[in-house]
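Dear colleague,

I am passing on the structure we spoke about, with the sequence alongside. My notes on what turned up follow beneath it, and I would be glad if you read them with the coordinates open.

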Amino acid sequence: MSDVQPAPCLFEPLEARLAVLDALPRALWLGGMTHAAGRLEPRLLALQAWRGALSQGVNPLDDFSPGPASDADWPAHALRAPLKTSFDHLQLARYCQAHADLADLVLQSLLFHLDLVVDYRDRGADEAAAARMAVEAFRSDWAERCGEIDELVAAFGELGDLLKNTHWDTLRGLLRSREWQDVVRIRKLVERLPELARVIRSLGRAQPVEPEPADSQQVQCVMSPALVLQADAHMQRVPEMPGETRGVHRSDRLARMLPAEAMLLGHPRLRLVWHARRAERALLCYEDDDRLRERHYHSTPVPRPQPRPAPAPRLAMGPMLVCVDTSGSMEGGAEAVAKAVVLEAVRTAHAQHRPCHVFAFGGEGEVVEMSLALDTDGVSQLARFLGQGFHGGTDICGPIERALARLEAEDWRLADLLIASDGEFGATPAVAARLQQVRREQGLRVQGVLIGDRETIGLLELSDAIFWVREWRRFGQPGETGRHGAAGGSPVHSSRLTADYFPGALRTPDNLARTLSPEAAAAAVRAGRRRDEAS
C-alpha cells in the first residue's frame, strides 16, 4: 500500500500567518491583531520578542540603532527612539523581570497608546507630534503605575500574583484609599522597630519540608573536586644528533661528509674549492637526527569520592498564630505598634511561604479571625483592619481558646502563638491550665509583645518570653490623645487616675475652700468642735 499524503486543510495557508499566536497569551491577541500600525505577521513576531525580553529584564530596544525604516517594523521607526528613552527612564524591564503578567500588561498598554496615533493625526497633529503625544501618554501612565508598584514592594516585599492584570484596577483603587495610607505609615514604623521584626521572624517551629529519609545518618560517598598531576609524553626532534639518516644536506660536518666531497682534497687546485665550500658550510653531508622523549606534568581537575554523613532534610518555619489586642486601652501609639505586629507577620509569612492567622480580640465575644494572604483580597482585608479604630473591653480567653482549637488541625500543629497587648487582662484558671498543657505536650511557644508601661501578671503567666516595647508613646501620630485624654494614647489613664481614686488629693478650688489652716485646725481641736459644726 503506497503512502498517501493527507490533503492540506482548506484554511491552513491562512492560519499559518497566525501561528505565532500560540506563543502569545490571549490578553495580547485582540490588540495584536487589530492594531492600526504595521503589518500583522511582523507585529505579532515583535510582540513575542518584546514579551520575552521584558520577562528576562532586558529592554527590547537596547539594540536599536537609527537606520533605514521598513514598513514591516513595529513599532514604527520614528517611535523607537522615544520609546527606548521612556523604557530606560521608567526601568520597565526591571519591573517586568520574572513577572510575565506585568510584561503582558505593559504590552497591552503600549498597543493601546500607539493605536491612538491615528486619532491624534485626525485631530490635526502631524505625524511627529502624534507620535510624541502617544509616547508621552504611555510614559505618564506607567510613571504612576511604577510609583504604585514601589509602594507595594516597600510594604510587602515580594509581590507574588498581586500584579496580575485581572487585579490591577482593584489594586489601584486600594492604593488611593485612606486605609492604604495607614499601611504606609505603619510600614515605616516597623522599620523603626527592627527587634520586633526579628522576634516575629523567629516564630513557628522548624519542620522538615519532606519526610526524613531512613538512611539520613548513613555514610554516603560524595564526589568532590580535586587536582592531580597528569603526565603528557612529547617527542622532541634533536638535529645533528647521530641516529637516523634522513637525506643529504649542506653542512660543514666532516664526519658526515660524502665521499665525492673528500675526493676534492686530492686535487691540487680543487682542494681550494673544498676549503671554500667548507667555510661556507656548503659541503654535501648526510642529514641525520634523533628523537628525544619528554614528559610534561600539569594539574587536572578530577572528581574524588569522599565519604560523609548524608545531609538532613531542609527545614522550614512553621505557621504563625497572632492574637492582637483591639481593646479601647490600645488607642494611640499602642494601637500603631499592634498594627505593626500584624503587618510584619503578614510580610514574614509571605516571604517564607508559611500560613499566618490573626485573631483581633476586644471584649467578651469580640473576636475577629483573619487568614491574611498576600493577594488582592488579603491586602484589602489587611488595609481595612489596619485602618479601623480599636475599641471595647479586653477578654483574652476567647482568642486563646480559638487558637488552641486551630492547633488541633494537622497543618497547624507546629505553629507558635504571639500575643500583642498592653497586658491589661487576666485569663481564667481553666484557660491558663489548658494553655500550659498544650505547651508541655505539643511544644507550643508563646511569644508576648508588651506594649505598655509595666509587666502584668496576665501576660507573664501566658508567655514564654516577652518583648517589651517601652517607648510606644513616640509611635503615635502627632497631636493624638488617648481615650482618657493622655498624650500619645496611654493605655493607663494617668491623667484621671488620681481624680478617680484619690479625689481629695487634688488642689481644686473646692478642695482649697474646704481646707483649714494648721492654726485654725488646732484651735478647733482644742475647742472640741466637730467637722460638721459651723465655724
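In this predicted model, strand E6 (residues 356-361) pairs with strand E7 (residues 367-371) in the antiparallel sense, and five bridges join the two. Within that pairing, Ala-360 stands opposite Val-368 of E7. The hairpin that E6 and E7 form has five residues between its strands, and there Gly-365 adopts a positive phi near 80 degrees.

Further along the chain is helix H17 (residues 429-442), whose length can be checked simply: with 14 residues at 1.5 Å a residue it should span 20 Å, and the C-alpha atoms at its ends are indeed 20 Å apart, so the two values agree. Its buried residues are Val-431, Ala-432, Leu-435, Val-438 and Arg-439. Because these cover an arc of only 120 degrees around the axis, they lie on the same side of H17. What do the buried residues of H17 pack against? Their partners are helix H16 (397-407) and strand E9 (446-450). On the face turned away from the buried side, H17 carries the exposed residues Pro-429, Ala-430, Arg-440 and Glu-441. Just after the helix, Gly-443 has a positive phi of about 75 degrees.

A separate point concerns Asn-59, which is located in the loop between helix H3 (40-55) and helix H4 (77-90). Its relative accessibility is 6%, and since buried means under 20%, Asn-59 counts as buried. The side chain of Asn-59 makes a polar contact, at 2.7 Å, with the side chain of Asp-88. Leaving aside residues up to four places away in sequence, Asn-59 touches Lys-84, Phe-87, Asp-88 and Ala-93.

Phe-87, one of the residues that Asn-59 touches, also brings us to the aromatic side chains, among which the count comes to three pairs. The ring centres of Phe-87 and Phe-138 are 5.8 Å apart and their planes meet at 20 degrees, so this pair is stacked, the limit for that class being under 30 degrees. As Phe-87 belongs to helix H4 and Phe-138 to helix H8 (residues 127-156), the pair ties together parts that are 51 residues apart in sequence. Phe-87 and Phe-138 are both buried, and together with Trp-50 and Trp-74 they form one aromatic cluster.

With best wishes

Conventions:
Residues numbered from 1 in each chain as written. Predicted model: local features only at pLDDT ≥ 70, side-chain atom pairs only at ≥ 80, totals over all residues. Heavy atoms only, no water. Pairing = 2+ DSSP bridges. Helix = DSSP H or I, 4+ residues; strand = E, 2+ residues; numbered from the N terminus. Expected span 1.5 Å × (residues − 1). Buried < 20%, exposed > 50% of the residue type's maximum accessible area, 1.4 Å probe, protein only. Arc of directions from axis to C-beta. Contact = heavy atoms within 4.5 Å. Polar contact = N/O pair within 3.5 Å; in protein donor to acceptor, adjacent residues only side chain to side chain. Phe/Tyr/Trp six-rings, centres within 6.5 Å; stacked < 30°, edge-to-face > 60°.
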